[in-house]
Amino acid sequence: MAGDQGEGRGVRETSSHPAPKPVARRAFFRTPYGATFSRKREKGFPPSPARGRRLGWGQVLPRLPLLLVAAVARNGVIGSAGGLAWRLASDLKRFKALTMGKPLVMGRKTYQSIGRLLPGRETIVVTRDRSFSPEGALVAHSLEAALALAAERAAAMGADAIVIAGGGQLYAQTIGRASRLAITEVALEPAGDTRFPPIDPEVWREVKRERGVRGPRDEADFAFVEYTKSTHG
Ligand SMILES: NC(=O)c1ccc[n+]([C@@H]2O[C@H](COP(=O)([O-])OP(=O)(O)OC[C@H]3O[C@@H](n4cnc5c(N)ncnc54)[C@H](OP(=O)(O)O)[C@@H]3O)[C@@H](O)[C@H]2O)c1
């Protein structure tokens, strides 16, 4: 019946059937990553237009590209003993430029090695530890939940990508579904315990390479390289 097709999922009020009392409302989201999740309506959620685009009930979040951002040595090393294996101020500047205004998904170890929230970005920490609740960061207990949360936050922030900010475990779990890699090639071969996964030339096409200009706070030469997934990959 056409009259039943209106708002409120076809619930029509008549004198004998008063409209049901509103119950606690939940927002339901389907995400392009296969997860469906709901959250109780609460202050600030769904985000108000002032904080970004308002999300409607049942809105399908857009599929956003995953961008992996990493600094990688010649031998694939990205970290050592829980920290970076070099000092490269130019790379930190580039990381900031690439990630500003976007949600960052990172592993708990990377979050702890950074040790703070990065301004202008939203941090989503992935951990299996249910008691881990860093102040100001969002926490997810699986990769799927982290990507769903990141998609939601990206929509609210008006971001065009979700950034995977490391470390080794997170890069390894997401490179297969990423669409772009922003790699700083570091001209060093340090000892280290954490590596970036192999960048398969059958899958990834180098689309940009820029030789870095070494500054006084850069310990090594470097190049900024971008890859996109090749069409035949
Ligand atoms: N060069 C670079 O660009 C760069 C960038 C980022 C990081 N890094 C370096 O990389 C190193 C850290 O990397 P890492 O591989 O050791 O650790 P990581 O990826 O930062 O974090 C690993 C942790 O994330 C959580 N986790 C991972 N996958 C999960 C999943 N599917 N579900 C739930 N939780 C999950 C677990 O936390 P719980 O143990 O709490 O459960 C796990 O121990 C550091 O040395 C850091 O400095 C380098």
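1. Which residue in β9 stands opposite Val-69? Ala-182 does. The pairing of β3 with strand β9 (residues 180–186) is parallel and counts 7 bridges. Leu-68 of β3 has its own counterpart in β9, namely Leu-181. The model is a predicted one, and the points below should be read with that in mind.

2. Confidence comes next. The protein chain has a mean pLDDT of 82, with 72% of its residues at 70 or more. Over residues 1–55 the pLDDT stays under 50, and for this stretch the model has 64 contacts beyond four places in sequence. Where pLDDT is low, the predicted coordinates should not be read in detail. I would therefore not interpret individual contacts in such a stretch.

3. The sheet is open and has 8 strands, in the order β7-β6-β5-β8-β3-β9-β12-β11, with mixed pairing. Its edge strands, β7 (138–140) and β11 (204–211), each pair on one side only. On average, neighbouring strands of the sheet are turned by 25° against each other, direction ignored.

4. In that order, β3 sits between β8 and β9. Towards strand β8 (residues 162–164), β3 pairs in the parallel sense over 3 bridges, and Leu-66 stands opposite Ile-162 there. Towards β9, the pairing is likewise parallel, over 7 bridges.

5. Strand β3 covers residues 66–73, and 8 of its 8 residues are buried. Leu-66, Leu-68, Ala-70 and Val-72 point one way from the strand. Leu-67, Val-69, Ala-71 and Ala-73 point the other way, and the residues of both sets are buried.

6. Helix α1 (residues 89–99) lies across several strands: β3, β5 (103–107), β8, β9 and β12 (222–229). Relative to β3, α1 runs at about 175°.

7. The largest nonpolar core has 49 residues, of which Leu-67, Leu-68, Val-105, Ile-162 and Ile-164 touch the most other members. The element that gives the most to this core is α3, with 9 residues. In soluble globular proteins, nonpolar side chains tend to be buried together. Leaving out residues up to four places away in sequence, Leu-67 touches Ala-161, Ile-162, Val-163, Ile-164, Ala-178, Arg-180 and Ala-182.

8. Helix α3 (residues 143–157) has 15 residues and spans 20 Å between its first and last C-alpha, close to the 21 Å expected at 1.5 Å a residue. The helix is mostly covered, with 11 of its 15 residues buried. Among the buried residues are Leu-147 and Leu-149, several alanines such as Ala-146 and Ala-150, and also Glu-152 and Arg-153. After α3 comes Gly-158, whose phi is positive, near 75°.

9. Why does Gly-76 count as partly exposed? Gly-76 has 15 C-beta neighbours inside 10 Å, and a residue is buried only at 20 or more, exposed at 12 or fewer, and partly exposed in between. Gly-76 lies in the loop between β3 and β4 (77–79).

10. Gly-76 also has contacts with residues far along the chain: leaving aside neighbours within four places in sequence, Gly-76 is in contact with Arg-195 and Phe-196. Gly-76 and Ile-199 are 123 residues apart in sequence, and their C-alpha atoms are 9.8 Å apart in space.

Definitions and conventions: Residues are numbered from 1 along each chain as its sequence is written. This is a predicted model: local features need pLDDT of at least 70, side-chain atom pairs count only at pLDDT 80 or more; totals for chains, interfaces and linings use all residues. Helices (H or I, at least four residues) and strands (E, at least two) are DSSP runs, numbered from the N terminus. Two strands pair if DSSP finds at least two bridges between them. The expected span of a helix is 1.5 Å times one less than its number of residues. pLDDT is the predictor's confidence in each residue, from 0 to 100. Two residues are in contact if their C-beta atoms, placed from the backbone, lie within 7 Å. Axes are lines fitted to C-alpha atoms, for helices over the stretch in contact, and angles run from 0 to 180 degrees between N-to-C directions. A nonpolar core is a set of buried Ala, Val, Leu, Ile, Met, Phe, Trp, Tyr and Cys residues joined through C-beta atoms within 7 Å.
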